[in-house]
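Colleague: I am new to this structure and would like to understand the terms used for it. Could you take me through them, setting each value against its cut-off?

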Amino acid sequence: MLDVLGNLERTHTCGELRESSVGGQVVLMGWVAKKRDFGVFTFIDLRDREGVTQVVVSEETAAEAHAKAKNLRGEFVIAVKGEVVSRAEGTHNKKLATGDIEIKVSELLILNDSKVPPFQLEVAGSENLAAEDTRLKYRYLDLRRPQLQHNIRMRAKAVSKIREYFDSRGFIEIETPILLKSTPEGARDFIVPSRIHTGKFFALPQSPQILKQLTMISGFDKYYQIARCFRDEDLRADRQPEFTQLDMEMSFVNREQVYREMEGMFNHVLKLIDVNLPTEWPRLTYAEAMRRYGSDKPDLRFGMELIDLSDELKDTDFAPFAEVLAKGGEIKAIVVKGRADYSRKQTDELQEFVKRYGAGALAWIKVPVRTGSDSDWAPASSLLKVLGEEKIARLTELSGAVEGDAVLIVAGKKSVVAAALGALRNEVARRENLIDRTKYECIIVTEFPMFEHDDETDTYVAAHHPFTSPMDEDLELFKTAVNDPSQHHLLGQVRAKAYDAVINGYECAGGSIRIHQKEVQALNFKALGMTPETARSRFGFFLDALEYGTPPHGGFAAGIERTCMILVGTENIRDVMAFPKTASAQDLMMDSPGDVDDAQLKELGICVVSE
């Protein structure tokens with residue numbers, strides 16, 4: 001028989017009582033985390049979101065409560081009333097904030113029972129957790145774990161800090177609609193059918209991009225929003241179909257003014273974990289980031305920069321290298337300090353790793369530690385037979401490798417070399433424990449390409465989004481590339497006023513100065529292969545708005561989940577979301593996406609066709 005709460009009120013949480021509370025009468029409520037039965041005494045660890053308090057039920061002083069305590073199991077919901085007392089000498093628990101006291105129970109109510117949970121909630125170490133799919137199916141139980149409770153609370157604090165920062169800077173929080181028009185220009189839209197307008201569809205926002213620009217045209221000058229966004233992307237382990245981001249936009253600004261707001265906001269938020277970032281973050285152009293690190297979001301907590309060996313090998317007779325260079329590719333390397341002892345198995349593993357990024361092979365040089373005379377000493381290499389000792393020695397010198405180091409080399413298209421070596425740099429740092437997890441290194445990457453070439457369609461697509469402004473210095477190049485079909489290839493050289501904020505190798509925010517003149521916007525649509533009719537049908541309302549005195553403007557969007565991952569030190573995006581989807585975009589708890597009945601489909605004018 002369960003008890004009724006009645007008018008009993010909780011006086012304290014399970015995490016706040018200390019020695020100063022001894023002698024007081026309290027009422028605690030929560031879940032049974034552990035129960036230990038010692039005959040005449042029953043000890044219970046009572047848990048709520050604030051922590052754990054030990055309560056003691058004695059048969060001698062509270063016979064009725066003690067009889068109830070005998071029936072308790074893990075995750076039962078109870079209320080206890082009693083006196084705060086000091087723990088006996090030698091029984092203090094330094095692992096608990098409340099470990100110096102306990103509650104001597106006079107009354108106990110069993111408010112609800114519980115089935116045995118499908119997995120243990122309290123385990124030591126992430127490696128002992130139940131399978132993630134099981135925990136996602138019973139997410140409401142998984143969320144009782146202290147680590148996830150901490151993560152979700154940190155997320156709430158981060159959002160509060162973001163609002164605190166922008167409110168203090170004179171920004172206005174404006175909510176934009178969730179039901180929008182489909183304007184496909186990036187990932188696939190989630191489509192919502194209209195019952196009232198049969199055959200017509202809304203789309204869920206991939207971001208409030210156009211709407212926040214319209215707030216600038218509306219004269220609000222400084223806008224921000226904690227926005228829910230939706231993208232129907234192909235499956236990726238670190239992505240979610242729905243996510244939250246901060247969006248901000250400002251009028252009459254240049255890039256440096258936006259950078260200051262990005263820096264200020266992140267600096268304010270990271271004080272939650274006592275991290276003080278520099279007032280002005282280092283800047284790095286996209287071109288330099290790719291040249292030095294093979295990534296537009298480099299992790300600066302360790303070195304291992306890419307080294308260009310192309311010039312040294314420009315006259316090589318080794319056919320694979322010569323062919324790469326003849327086609328405009330490059331040959332680059334990284335140096336792994338102290339790993340000349342890589343085994344064949346280890347180098348084979350690294351070779352398979354770079355192949356995932358399109359590299360054909362991974363070459364290596366190992367510089368052994370001298371153990372005899374100089375005449376006996378020489379670097380070993382997988383390229384020794386084709387390049388010879390002299391060239392291997394020269395490449396070793398050029399790379400800066402010293403005794404005990406390994407040089408890992410990739411050749412291919414510039415994009416492939418950057419992707420493969422950039423990823424390998426991170427993978428080696430992870431394997432070799434080169435990353436100082438106590439450090440927080442930030443950077444702003446600037447001057448991104450405005451367009452990316454799609455090899456499959458031989459067309460150019462927007463690298464950021466279609467509303468990003470070209471660099472002033474590249475505006476004439478942009479116009480030439482768009483208007484002269486023979487110069488269309490020059491689009492690949494146009495730089496954008498686009499930028500990213502990067503912390504510890506994570507792209508935490510991205511933004512740009514936007515196009516604010518209708519003629520330039522029309523040119524950009526043309527560059528992306530849109531006819532005037534297509535541009536008008538998709539973005540006519542926006543092109544019209546640009547004709548009514550649009551101010552220069554720019555802004556950025558910051559991923560709330562990505563920011564919180566940094567705050568709590570996890571690499572799993574699902575650890576900072578209350579109810580996430582799986583990597584295959586399913587909700588195992590609610591079993592969605594699910595079916596709808598035929599009557600609903602008929603009302604919406606939808607017929608499902610099986611492939």
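**Cores, helix pairs and a loop**

Modeller: In this predicted model, the largest nonpolar core has 42 residues, and those touching the most other members are Phe166, Leu246, Met265, Phe266 and Phe556. The largest share of this core, 7 residues, is supplied by helix H6, which spans residues 255-270.

Colleague: What makes a set of residues a nonpolar core?

Modeller: The members must be buried residues of the nonpolar kinds, Phe, Leu and Met among them, and they must be joined through side-chain atoms within 4.5 Å. Buried in turn means a relative accessible area under 20%, and 45% of the 611 residues of the protein chain count as buried. Apart from the largest core lies another one, of 24 residues, including Leu306, Phe353, Val417 and Leu421.

Colleague: Which residues is Leu246 in contact with, leaving aside its neighbours within four places in sequence?

Modeller: With those neighbours left aside, Leu246 is in contact with Ile162, Phe166, Tyr224, Gln225, Ile226, Met265, Phe556, Ala557, Ala558 and Ile560. For the protein chain as a whole, 69% of the contacts with a separation of 6 or more are between residues 24 or more positions apart.

Colleague: Why are H4 and H6 called oblique to each other?

Modeller: Helix H4, residues 146-168, packs with H6 at an angle of about 135 degrees, and their axes are 9 Å apart. Roughly perpendicular ends at 115 degrees and roughly antiparallel needs over 145, so H4 and H6, whose angle falls in neither range, are oblique to each other. The crossing in which H4 passes H6 is right-handed.

Colleague: Which residues of H4 and H6 meet, and how do they divide by class?

Modeller: From H4 come Ala158, Lys161, Ile162, Glu164, Tyr165 and Phe166, and they meet Arg260, Glu261, Gly264, Met265, His268 and Val269 of H6. By class, this contact of H4 with H6 has 6 nonpolar, 2 polar and 4 charged residues.

Colleague: What makes H5 roughly parallel to H14?

Modeller: The axes of helix H5, residues 209-217, and helix H14, residues 532-545, come within 10 Å and cross at roughly 20 degrees. Angles under 35 degrees count as roughly parallel, so H5 is roughly parallel to H14. Their crossing is left-handed. In this contact Ile210, Gln213, Leu214 and Ile217 of H5 meet Phe539, Phe541, Phe542 and Ala545 of H14, and these residues divide into 7 nonpolar, 1 polar and no charged.

Colleague: Why is Ala585 called partly exposed, and why is Asp591 called exposed?

Modeller: Partly exposed lies between the cut-offs of 20% and 50%, and because Ala585 has a relative accessible area of 31%, Ala585 is partly exposed. Asp591 has a relative accessible area of 62%, which is over 50%, and therefore counts as exposed. Ala585 is placed in the loop between H15 and H16, and Asp591 is found in the loop between H15 and H16 as well.

Colleague: What is the phi of Ala585, and what is that of Asp591?

Modeller: Ala585 has a phi near 60 degrees, a positive value in a residue other than glycine, while Asp591, which is not a glycine either, has a positive phi of about 55 degrees.

Colleague: Which peptide bond is cis, and where is Pro593 found?

Modeller: The peptide bond from Ser592 to Pro593 is cis, with omega near 5 degrees, and Pro593 is found in the loop between helix H15, residues 560-568, and helix H16, residues 598-604.

Notes
Residues numbered from 1 in each chain as written. Predicted model: local features only at pLDDT ≥ 70, side-chain atom pairs only at ≥ 80, totals over all residues. Heavy atoms only, no water. Axes fitted to C-alpha atoms, helices over the stretch in contact; angles between N-to-C directions. Helix = DSSP H or I, 4+ residues; strand = E, 2+ residues; numbered from the N terminus. Parallel < 35°, antiparallel > 145°, perpendicular 65-115°, else oblique. Left-handed = near helix turned anticlockwise from the far one by under 90°. Contact = heavy atoms within 4.5 Å. Nonpolar A, V, L, I, M, F, W, Y, C, P; charged D, E, K, R; others polar. Buried < 20%, exposed > 50% of the residue type's maximum accessible area, 1.4 Å probe, protein only.
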